[in-house]
Every structure is written in C-alpha cells, then in structure tokens.
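Reader: I would like a close look at one sheet in this model, strand by strand. Please keep to what can be read from the coordinates.

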Amino acid sequence: MGREIKRQVSWFQVDDTDAMARHMEKMAEKGWLLDEVDNWFWHFRRSDPVKVKYAVTYFPDASVFDPAMPEGQETYADYCAAAGWELAAAYGPVQYFRAARENPLPIETDETVKLDAVRRTMRKTFVRSYGLLLLLPAVCLPLMAGLFWDGPVAFCSQFYNLASVVLMAGILLFCGGLLLDYLVWVLRSKRSIDRGGRCVKPHTKARLWSSGAMMALCAAAVAAIALQAEGMRNYFFVQLAVYAGIMFLGRWVLRKLKGRSENKSSVVAGYLCFAVAAGILVSAAGAFLYPPLARLFQEPEEKYTYTTPGGGSITWTVYHDELPVTLEDLGFRVSEEDHCSYRAEVERSPLASVGKYRQEALHLDSGLPDLTYRVYETPWPWLLEQCWEQLLEEERDSPFPLEEIDPTPWGAIQACQPEDLDVYYLLYPNRVVLIRGVEMEQSVVAAGMLA
C-alpha cells in the first residue's frame, strides 16, 4: 500500500493563480487532492483519479497568523460553496477552491476587483518578503567591495568571498527581477482591464526557471564554502543543521500557536518570542560549539616551551608545513637545537592565490634569521596591479622610506626596498613576491626558487 500523503514544494509565485490551478488539476487526475498548504509545501491526500477544477483566489484581510478563519473569509467561502466551489485549503490570504462540476461558475468575475485583491495580497507577502531580502545584498555587497579594495588578491583567493559575492549578486538579480516582473505585470494588467480585457498571464516558465537557478546557485555557494573551510567544515555543517532545525521548528511552533491561541495578536507575540529565542540560540551555538568542534577535529598540536634564565617560560606551537623555500635551501645550517617551526597558510581560488610562509627558530638563543615571505599570484594584470599598489601604499607611512631598486638581480619587472631593511617587494608578470628577514643574496635565491 502506497503512502496516503504527498508533499510538494510550492515553486509558483503567489500571483500565478492559473498555473497553480492547472498543476492541482493534473495532480487530481493522478489521484492526489489538495488537502493542506503551508509556507513551503502543498500537502496532497490520496484519492481516486478524478477530474476537478481548481481556482486560486485572495482574501487580503486574512493573515498566516490568524488562529482561525476570519469571519469575512468564512462568508466568502460560503458564497463560493453555494456556487459549487469547495474550500480545499487556505494559507493566509491565499485560498484554494475545488469544484467537482465540469464547468462551474467562475468565482471572480470583476477583473478590477481581482487585480486589487492580488495587489493587496502581494504587498503583504511577495513584495514585503522580497523587498526585505534585497536588503541582504544591499548591505553585504558594499562591505565586500571595501574588503576587496583593502586586499584585492587576498580577497579573490578565498572561495568564501567569491561564493558570497556570486550569491549576493544572484539574490539581487533574482529578487530585483521578480519584483520588476511583478510591477510590469500589474501595469500591463491594469492597461488590459482599462481596455475591457482581463489580467494578463504571468511569465510562469521564466519564474520557475529563475527559481530553480537560484536554488542551484545557493547549493553551489554552500558547497564552495564547505570545500574551502577545511578547518571549520564540521562546524559549518553543524551551523547549517542548526539553521535548518530552527526553520522546521518555526513551522511547528506557528502551527501550535495557531491551535492554542484565541486571537491573532497572541500568535504574533508568541512567534516573535520564538524568533528572538532562535536568534539567541544561533548566536550561542556559534560561540559555544566552535571551540569544542575545532578541538575535536583538529590534529594534536606540537608545543615547544623555552625556559628563560629568570625561571619563566614561553610556549609556542610548532608547525611542520611544507615550504617552497627554507633556510636550509638558502645555505643556513639548521639543527634540532634551533627548534624551527615551518608554517604555510595558502588560500587558492580560480581567480588568485595567496601563500604566506614563515620559518622561525623558536629557541631564543638561535642565530638563525626569521624567514618570512608572501606570494600573490593571479593571471589578471589589473588585479595584480591593484595588489602591488596596495602593498606599496601600506609602506608609505612607515618610518623607513620605500625606495625603488634595480629589479634585474631578481629577474623582476619592478623591485622596491624600505631603507636599511632586509625587505624586498618584487613584481613579476603574474605574481607579487614579498621577502623579509634575509639579505639580498639569499633573497635572490629565494625569488628564483619561488618562480
């Protein structure tokens, strides 16, 4: 025996009444009748295959927070029932009627009244929701632009940043496009009614395609972020689970509040309390879950403790990452007594990569230099130029004036060095290299190895 209830995600926009009705009629022919509607799903119950008619109408004064059907909406449903239309389901101001007759009388005969009901309903649902969603890219994109100009190559080397920009741009285009499409529909429908016609048909297929594309974009952005966040991947998935759990819990809470409350105000107040509590829970989850999860999935760290002559101690974390250039490669003698730490931090994306490398002797009595270098790579000349200018700009306020030097020994296009410091800024056709801590001869060898 098959299942008795089937749930489907509601992909249609609120004003696409004809497309929704056609879909439900096809479901009835397959043996599924609409039974319930919520903010995400249509719920169908099994029946014998039948031919019925559906009509989707609006009662703008109703709300998703109403614990019971308002009096005016009940009267509306009674009039429809007298004309042969059974109220199959309702969610807020959207009503779904079903008629067993082959050619029932239409529920809405005045196109002006219909358009007014659609507009009032859309202002409460579609326009408000998508308008608020537009605030997200409106706030995030300028912030991301600021981060980009602070460090162009570093910004573009992180999958998280690129995925976030693409996602925010997608939300901007998706929400803005749908709102513009709705505005055009209203203007065209009004013009059609003024000429004695009906409301025009919405662009159903274009809307469905854009919704599917937006879902795919969200999934791709989440996957990209998860792939990059190696050290935080488990924490990231836990956070996603928390968000998903709260979203499903919200549906259950709203249902319970509507079942136990006597008026709309009580439901709104209760749901607002839940939303505040959920926000606190998400913040607390971020603060309290990350440290134990980080420790749980992190490899044990090696520590080195140096005891000072005065009896104190200093403890460092020892890293053993693979470096493209080491002090050993530059001719320095390194022994176990130096307790060298080798650390590499690399961010890489299709647009750019940034590698930060450091080899330091943790034993304070060691005579080895502290070798630090960075490599910024990108195939985009304009991006590389921005990176170069930004690095030089950071040094302009330094007490050590930045001087341009002959780039020939390093085989670079351009080279700069702060006065009296062993620091070398090197510009190549596809990368910028910054080397600190070694003299010119060793920096030439290091630059050649990094090439």
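Author: What follows describes one sheet, its middle strand, and then two other places in the chain. The model is a predicted one.

The sheet is open, has 3 strands in the order 4-6-5, and its pairing is antiparallel. Strand 4 and strand 5 are the edge strands, each pairing on one side only. From one strand to the next the twist averages 20 degrees. Helix 1, residues 17-29, packs on this sheet and touches strand 4 and strand 6. The direction of helix 1 makes about 145 degrees with that of strand 4.

Strand 6 covers residues 94-99 and pairs with a strand on either side. With strand 4, residues 53-58, the antiparallel pairing runs over 6 bridges. In that pairing, Ala55 stands opposite Phe97 of strand 6. With strand 5, residues 86-91, strand 6 pairs over 5 bridges, again in the antiparallel sense. Here Gln95 of strand 6 has Ala90 opposite. Strand 5 and strand 6 form a hairpin with 2 residues between the strands, and in this hairpin Gly92 takes a positive phi near 65 degrees.

Next, the side chains of strand 6. In a regular strand, side chains alternate between the two faces of the sheet. In strand 6, Val94, Tyr96 and Arg98 point one way, while Gln95, Phe97 and Ala99 point the other way. Both sets are buried. Strand 6 is accordingly described as mostly covered, with 6 of its 6 residues buried. The buried residues include Arg98 and Gln95 as well as Phe97.

A second hairpin can be set beside this one. Strand 2, residues 32-37, and strand 3, residues 41-46, pair in the antiparallel sense over 5 bridges. The hairpin they form has 3 residues between the strands. Within the pairing, Leu34 has Phe44 of strand 3 as its bridge partner.

The last place is a single residue, Ser353, which lies in strand 10, residues 353-361. Is Ser353 buried or exposed? Its relative accessible area is 9%, and the cut-off for buried is under 20%, so Ser353 counts as buried. Neighbours within four places in sequence aside, Ser353 is in contact with Val153, Ser157, Glu347, Arg348, Val375, Tyr376 and Glu377.

To return to the sheet: strand 6 has strand 4 on one side and strand 5 on the other, in the order 4-6-5, and helix 1 packs on the sheet.

Conventions
Residues numbered from 1 in each chain as written. Predicted model: local features only at pLDDT ≥ 70, side-chain atom pairs only at ≥ 80, totals over all residues. Heavy atoms only, no water. Pairing = 2+ DSSP bridges. Helix = DSSP H or I, 4+ residues; strand = E, 2+ residues; numbered from the N terminus. Buried < 20%, exposed > 50% of the residue type's maximum accessible area, 1.4 Å probe, protein only. Contact = heavy atoms within 4.5 Å. Axes fitted to C-alpha atoms, helices over the stretch in contact; angles between N-to-C directions.
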